[in-house]
Amino acid sequence: MHKLLLIFSLFTNFLFSQNPGSGVTDIEGNYYATVIIGSQEWMAENLKTSKYSNGVNIPNITDNIQWNDLIDGAYCFYNNDASNNQTYGKLYNYYSVISSNNLCPNGWHISNITEWDELRNFLDPTDATSGGQMKSNSSLWTSPNVGATNSSGFSAIPGGFRNNSEPTSGIGVFSGKGTMAFFWTSEEANLLSAYDRYLINVDDPLFTSADNKNDALSIRCMKNQTTGLFENIQLNDEILQITNILGQSIEKVTNQIMIIYYKSGVVKKLYVTE
């Protein structure tokens with residue numbers, strides 16, 4: 001009788017396919033479509049909540065001076081116009097990101113730099129086209145929306161930002177709607193600034209920046225990951241079937257040893273006849 005040997009040599013992230021996720025609803029009842037990209041599940045829409053996940057209200061600050069002086073979490077609408085909320089979601093300062101009240105729905109979080117890097121490397125380890133694969137190809141983007149295919153399903157839209165300190169125009173200036181999409185990471189750069197990732201209409205990559213903690217940017221939450229990549233591995237004498245943590249069938253192998261590993265953003269598979 002044949003015996004099959006399955007060897008996994010993996011890092012923290014393993015990719016299989018890009019599929020619609022199960023969706024998520026925030027504490028206010030706002031529903032968000034989600035997408036599975038590699039082993040990560042992301043919101044495919046910008047966060048809209050005006051409450052933390054524990055029910056605490058997030059202040060809506062419209063006054064520029066007050067916004068500039070904030071040391072606690074707050075949100076605003078682009079141009080302080082609530083009609084932007086449905087399409088673009090809200091813009092949040094970094095203090096809301098790091099609040100102990102938790103900005104994302106339960107079971108979800110704001111991704112750190114490593115998790116953003118995993119997303120980028122899954123799409124394109126060279127980063128030449130990763131942004132284009134994330135950008136919606138809708139008319140919300142100002143032409144030219146270079147490289148936009150949305151092949152990842154991330155569906156990034158250009159919600160713009162609120163600048164804490166704009167030298168020529170003053171504080172609290174809104175800019176970038178139609179041309180730029182900014183998303184906070186969970187990591188600070190220094191006492192005054194934190195890291196974010198952004199996309200622009202005139203180029204393909206996913207860019208990194210460190211911006212003032214009082215800037216207001218969009219939020220995309222990521223689902224907390226479970227430990228381990230497989231919940232169900234069935235072995236018998238002739239057929240090996242693997243399913244991932246979502247119960248999706250990954251692969252069947254007959255009378256073979258399969259070695260799977262992840263290197264430099266690329267999945268490698270080796271099949272060896274037993």
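**Close-up 1. Helix α4 and its surroundings in the predicted model.** Helix α4, which spans residues 113-123, is largely enclosed by the rest of the structure, because nine of its 11 residues are buried. The buried residues of this helix are I113, E115, W116, D117, E118, L119, R120, F122 and L123. At the N-terminal end of α4, N112 acts as a cap, with a side-chain oxygen placed 3.1 Å from the backbone nitrogen of T114. Two of the buried helix residues, D117 and R120, also belong to a network in which salt bridges with shared partners join D117, R120 and R197.

**Close-up 2. The aromatic pair of W42 and F154.** Of aromatic pairs the structure holds 12, and the one formed by W42 and F154 is edge-to-face, with 5.7 Å from centre to centre and 65 degrees between the planes. This pair links distant parts of the chain, since W42 belongs to strand β6 (residues 40-43) while F154 lies in the loop between α5 (130-134) and β10 (159-163), 112 residues apart. W42 is buried, with a relative accessible area of 0%, and F154 is likewise buried, with a relative accessible area of 0%. Ring pairs extend the picture to a cluster that links W42, W116, F154 and F183, and W116 is one of the buried residues of helix α4.

**Close-up 3. The rings of Y75 and Y92, with K90.** The ring centres of Y75 and Y92 lie 6.3 Å apart and their planes stand at 50 degrees, so the pair is tilted. Here too distant parts of the chain are linked, with Y75 in strand β7 (residues 75-76) and Y92 in strand β8 (residues 91-92), 17 residues apart. Y75 and Y92 are both buried. The ring of Y75 also has the charged end of K90 sitting over it, at 5.3 Å from the ring centre.

**Close-up 4. The hairpin of strands β13 and β14.** Strand β13 (residues 193-200) pairs with strand β14 (residues 207-212) in the antiparallel sense, over six bridges. The two strands form a hairpin in which six residues lie between β13 and β14. Within this pairing, Y198 has F207 of β14 as its bridge partner.

**Close-up 5. Salt bridges of E41 with K223 and of E45 with K48.** Side chains of opposite charge can pair when their charged atoms come close. The whole structure contains five salt bridges, and in one of them K223 meets E41, with the closest N and O atoms 3.8 Å apart. This salt bridge links distant parts of the chain, K223 being in strand β15 (residues 221-223) and E41 in strand β6, 182 residues apart. K223 counts as partly exposed at 31% relative accessibility, whereas E41, at 6%, counts as buried. E45 and K48 likewise meet through their side chains in a salt bridge, at 3.5 Å from N to O. Of these two residues, E45 is partly exposed at 26% relative accessibility, while K48 is buried, with a relative accessible area of 5%.

**Close-up 6. The salt bridge of E188 and K213.** The closest N and O atoms of E188 and K213 are 2.6 Å apart in this salt bridge. The pair links distant parts of the chain, with E188 in strand β12 (residues 180-188) and K213 in the loop between β14 and β15, 25 residues apart. E188 is partly exposed, with a relative accessible area of 47%, whereas K213 is buried, with a relative accessible area of 5%.

Terms used:
Residues are numbered from 1 along each chain as its sequence is written. This is a predicted model: local features need pLDDT of at least 70, side-chain atom pairs count only at pLDDT 80 or more; totals for chains, interfaces and linings use all residues. Side-chain values use heavy atoms; hydrogens and water are left out. Buried means under 20% relative accessible area, exposed over 50%, partly exposed in between (1.4 Å probe, protein chains only). Helices (H or I, at least four residues) and strands (E, at least two) are DSSP runs, numbered from the N terminus. A polar contact is a pair of N or O atoms within 3.5 Å; within protein, one must be able to donate a hydrogen and the other to accept it, and residues adjacent in sequence count only if both atoms are side-chain atoms. Two strands pair if DSSP finds at least two bridges between them. Rings of Phe, Tyr and Trp (its six-membered ring) pair if their centres lie within 6.5 Å; planes under 30 degrees apart count as stacked, over 60 as edge-to-face and the rest as tilted. A charge sits over a ring if NZ of Lys or CZ of Arg is within 6 Å of the ring centre and within 35 degrees of the ring normal. A salt bridge is a side-chain nitrogen of Lys or Arg within 4 Å of a carboxyl oxygen of Asp or Glu.
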